[in-house]
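User: I have a model open and I'd like to learn how to read it. Could you walk me through a few features, giving the general idea and then the case here?

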Amino acid sequence: MTEVVTIQKFDDIATICIDNPPVNAAGHAMRKGVVDALDTLEADPAVKAIALYCAGRTFVAGADIREFGKPSQPPVLPDVCNRLEASSKPIVAILHGTALGGGLEVALCCHARVGITGSKVGLPEVNLGLLPGSGGTIRLPRVADTATTIKMITGGAPISAEDALKHGIIDRLEDGDPAQVAVAMAKELRDGKLKARVTRDLLVNLSADKMSAARSKFEALGSKGVVALRALRAIEGATKLVNEGLAAERALFIEALASDEHHGLKHAFFAERAVANIPEAKEPPREIKTAGVIGGGTMGSGIATSMLLAGIPVTVIEMAEDRVAFAVKTITGNLQGAVKRGKLSQQAFDATVAKLTVTTDMNSLSDVDLVIEAVFESMEVKHEVFAKLDAVCKTGAILASNTSYLNIDEIAKAVTRPQDVIGLHFFSPAHVMRLLEVVVAGKTAPDVVATGFALAKRLRKVAVRAGVCDGFIGNRILAHYARSTGYMMMDGADYEQIDNALVGFGAAMGPFTVGDLSGLDIGWAERKRRAPLRPAEERYVGVADKICEAGDFGRKTGKGYYVYWPDGSKTKNPDVAQFIADEQAERGITPRSFTDKEIVDRYITAMIVECARVVEEGIALRPIDVDAVFLFGYGFPRHRGGPLCYADKIGAQTLVARINTYAKDDAYYWRVPAMLQKMADDGTTFADLNKER
Ligand code: 3HC
Ligand code: NAI
């Protein structure tokens, strides 16, 4: 036995307990421990039935992801599963928490499964670019119907124990402590009150129609359907002889382990967690019982909604009564949306709305623990608001700004307590988007930073620590690479082709469609703000300004780069071609054609360049923090792991060579960051840097 697996005997029944914190992953010690425990209990003639359960917060939540890519140490999980299934003594698995992936596969090899109320089961391997690799695709269709099998294995979302019972995946639901339930259920198994079955012996009845419909659906998705399609191929093996099916599944699993999708998705999984590792991680956060939000516009309403959904009472301050009414309507509308999506019960809706106050009276913030300012993007207005907050708020209250670009050190100059000032930069829509940039200014106190991270957790968001600069991590990088699309358009690439090429790369929407959707006036205002800061050498593209000057701001006015028709379709705005042609003539540009590959290469290279600078300057702690920003705030394709994970795949030498080639046309925009040059010279990678820091 190993330290993580222990056995206990109670007369003629026994329990096997796995205790491998934090999530009882099926690492080597657990696997060896389970096999040793079985050897011991099988050899003991007194033992008639066995229950397998876990200590801590969950049943086995899967294979140990950290072991992937390393040489496997026997016994491997498929062998452990087969060993459990072949046990001469019946075994019941007691599932609590989240029985996921290899955990559910272990349970499917036991001879009965009992779920503790509130638990969930699932096969989330596709979320890591994988497929169940320990018999899940062969055994699940032996207990569940085809639709459930396809949904769970190719979709990856867990289901509740109640649903698992309905679909035959578990045999029983019980309340109570897993250790106690284990003893009770082992006795029932011994007495035949809980029926023992060997999953591999059950008949499989896969619906050919449902399988073929799923196949067509995933094939139509192209590169986005690859992972699901591979998983579906494994399920097809369920109709073969069991051992043949298991071998085919294993081969597909090993193929998946070597795939780019797995590499990217595994990186994304760890990125979500790695960002919590900050210098202030051990600081006790300040307590946030109540909060205030200044400004109930697009962002303020979303931020207030997010806090209300987390149960935090919120007071929103607006300028005038009509704006108060607008904020109330928006926030209650957002909450109603949450009810519709099943995120909030109707009963909880009333209680949640009761926690909202919207008023014009700033004095109502005298007792709140945190205020987030989301007023117009102007330093003058921010200074005015922060000076008022300084006068009104209690000692120790955190004063945060949701500014997109402005300098937090500068904002802090308006108060007598700069240690309490921080940037909490939410993304639109704030109650949906998971990213929260926590912007740490020069004088921000460490416990205020820790509070930002604790708040993100309560709001179920991913917090990333950022330093102060124009646009912090995400918007600064965006401002840089967004220019590359304008340059390509001016040099002759059709902007619809640019949109389509980037969708082909995995973006949810092309950049020109996104510009239309968020409103071209936002970028217009930003360009005006930056105009005095713009270096003389910087190339400028005035097409978007001309669209705005014509009164077209994108989707909200029905026209931008595209014209939006009442039937939901869109076509290119014919005026834009003229704006482009005029500017090309003015600047003496002879348009040329671009391939889709060149478009993607230039766009991604421009993004990587600024990402590297942000890491170089210490604005982001590590490359993986930049990846998290783009994964959770900007819709970067998750299976590519983030821009700097993808940069390693391209390779620093290739990137440097590309930049030097592009620089022949625009030596100001295309400059090699020192960090990237060093990597090209010494063969190191962003992944190496992640390990170092
Ligand atoms: N292997 C290794 N480490 C894991 C892990 C796993 N399967 N699952 C979680 N962890 C680690 C996390 O990295 C984190 O580590 P950290 O504290 O050092 O950052 C710690 O456990 C706690 O995880 P969370 O912060 O995510 O804890 P939550 O309570 O919020 O969530 C969870 C728990 C729902 C289990 C969530 O961690 C999760 O979804 N894990 C992944 C589950 C999964 O994908 N399983 C399938 C694995 S692939 C597989 O099983 C292949 C098989 O078919 C052969
Ligand atoms: P908005 O124009 O929709 O809302 C601003 C609100 O603030 C208005 O309702 C206005 O009445 C109110 N307001 C202005 N001055 C006020 C004052 N002194 N007291 C009380 N209320 C006041 O603007 P939006 O888009 O919500 O942006 C707000 C802030 O959030 C800006 O700093 C912006 O840069 C930032 N931001 C915006 C994002 C977006 O996508 N819109 C994303 C992330 C940050």
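Analyst: Let's start with how domains meet. Here 17 residues of domain 2 touch 15 residues of domain 3. Keep in mind that this is a predicted model.

User: Where do the domains begin and end?

Analyst: The chain is split into domain 1 (5-258), domain 2 (291-473) and domain 3 (475-618 + 621-692). Taken over C-alpha atoms, the centres of domain 2 and domain 3 are 29 Å apart.

User: How much area is buried between domain 2 and domain 3, and which residues of domain 2 supply the most?

Analyst: About 1,500 Å² is buried between domain 2 and domain 3, and carbon and sulfur atoms give 63% of that. On the domain 2 side, Y405, D470 and I473 supply 40% of the area buried against domain 3, more than any other three residues.

User: How many salt bridges cross the interface of domain 2 and domain 3?

Analyst: For a salt bridge, look for a side-chain nitrogen of Lys or Arg within 4 Å of a carboxyl oxygen of Asp or Glu. By that rule, two of them span the interface of domain 2 and domain 3. Take D470 and R530: their closest N and O atoms are 3.6 Å apart, and they form a salt bridge. D470 is also part of a bigger picture, since a salt-bridge network links D470, E526, R529 and R530.

User: What should I look for between E526 and R529?

Analyst: First, the general idea about helices. An α-helix has 3.6 residues a turn, so residues three or four places apart point the same way. Now the case here: E526 and R529 are three residues apart in helix α21, which means about one helical turn separates them. They form a salt bridge, with the closest N and O atoms 2.7 Å apart.

User: Are E526 and R529 buried or partly exposed?

Analyst: One of each. E526 has a relative accessible area of 12% and is buried, while R529 is partly exposed at 26%. The cut-off to remember is that buried means under 20%.

User: What about salt bridges between parts that are further along the chain from one another?

Analyst: For those, check which elements hold the two partners. The whole structure has 47 salt bridges, and one of them is D390 with R417, at 2.9 Å from N to O. D390 is in helix α15 (residues 379-392) and R417 is in the loop between α16 (408-412) and β15 (421-426), so the pair ties together parts 27 residues apart in sequence. Both D390 and R417 are buried.

Try R539 and D491 next: these side chains meet in a salt bridge at 2.7 Å, N to O. R539 lies in the loop between α21 (520-530) and α22, and D491 in the loop between α18 (474-490) and α19, so this pair ties together parts 48 residues apart in sequence. R539 counts as partly exposed, at 24% relative accessibility.

User: How do I read a whole helix, say α26? How many of the residues are buried?

Analyst: Count the buried residues, then ask what covers them. Six of the eight residues of α26 (residues 643-650) are buried, so the helix is largely enclosed by the rest of the structure. The buried ones are P643, L644, C645, Y646, A647 and I650. Their cover includes α11 (260-274), α19 (495-505), α24 (596-616), α25 (623-633), α27 (652-662) and α29 (686-692). Right after α26, G651 has a positive phi of about 100°.

User: And which residues does a single buried residue, such as V543, contact?

Analyst: Set aside the neighbours within four places in sequence and see what is left. V543, in helix α22 (residues 543-549), is buried at 0% relative accessibility. With those neighbours left out, V543 contacts M489, M490, Y561, V576, F579, I580 and E583.

T149 makes a good second example. T149 sits in helix α5 (residues 146-155) and also counts as buried, at 0% relative accessibility. Beyond four places in sequence, T149 touches L140, P141, A144 and I235.

User: Last one: which residues make a nonpolar patch on the surface?

Analyst: Here you look for nonpolar side chains that keep some accessible area. M509, V514 and L517 make a nonpolar surface patch of about 240 Å². L517 belongs to helix α20 (residues 511-518) and is partly exposed, with a relative accessible area of 47%.

Methods
Residues are numbered from 1 along each chain as its sequence is written. Chains are lettered from A and ligands numbered from 1 in the order in which they are written. This is a predicted model: local features need pLDDT of at least 70, side-chain atom pairs count only at pLDDT 80 or more; totals for chains, interfaces and linings use all residues. Side-chain values use heavy atoms; hydrogens and water are left out. Patches are made of residues with over 30% relative accessible area and no salt bridge: like charges are joined within 9 Å, nonpolar side chains (Val, Leu, Ile, Met, Phe, Trp, Tyr) within 5 Å. Accessible areas come from the Shrake-Rupley method with a 1.4 Å probe; for residues, only the protein chains shown count as cover. Helices (H or I, at least four residues) and strands (E, at least two) are DSSP runs, numbered from the N terminus. Buried means under 20% relative accessible area, exposed over 50%, partly exposed in between (1.4 Å probe, protein chains only). Domain bounds come from an automatic or database domain assignment. Contact means heavy atoms within 4.5 Å. Buried area is the accessible area (1.4 Å probe) that two parts lose on being put together, summed over both.
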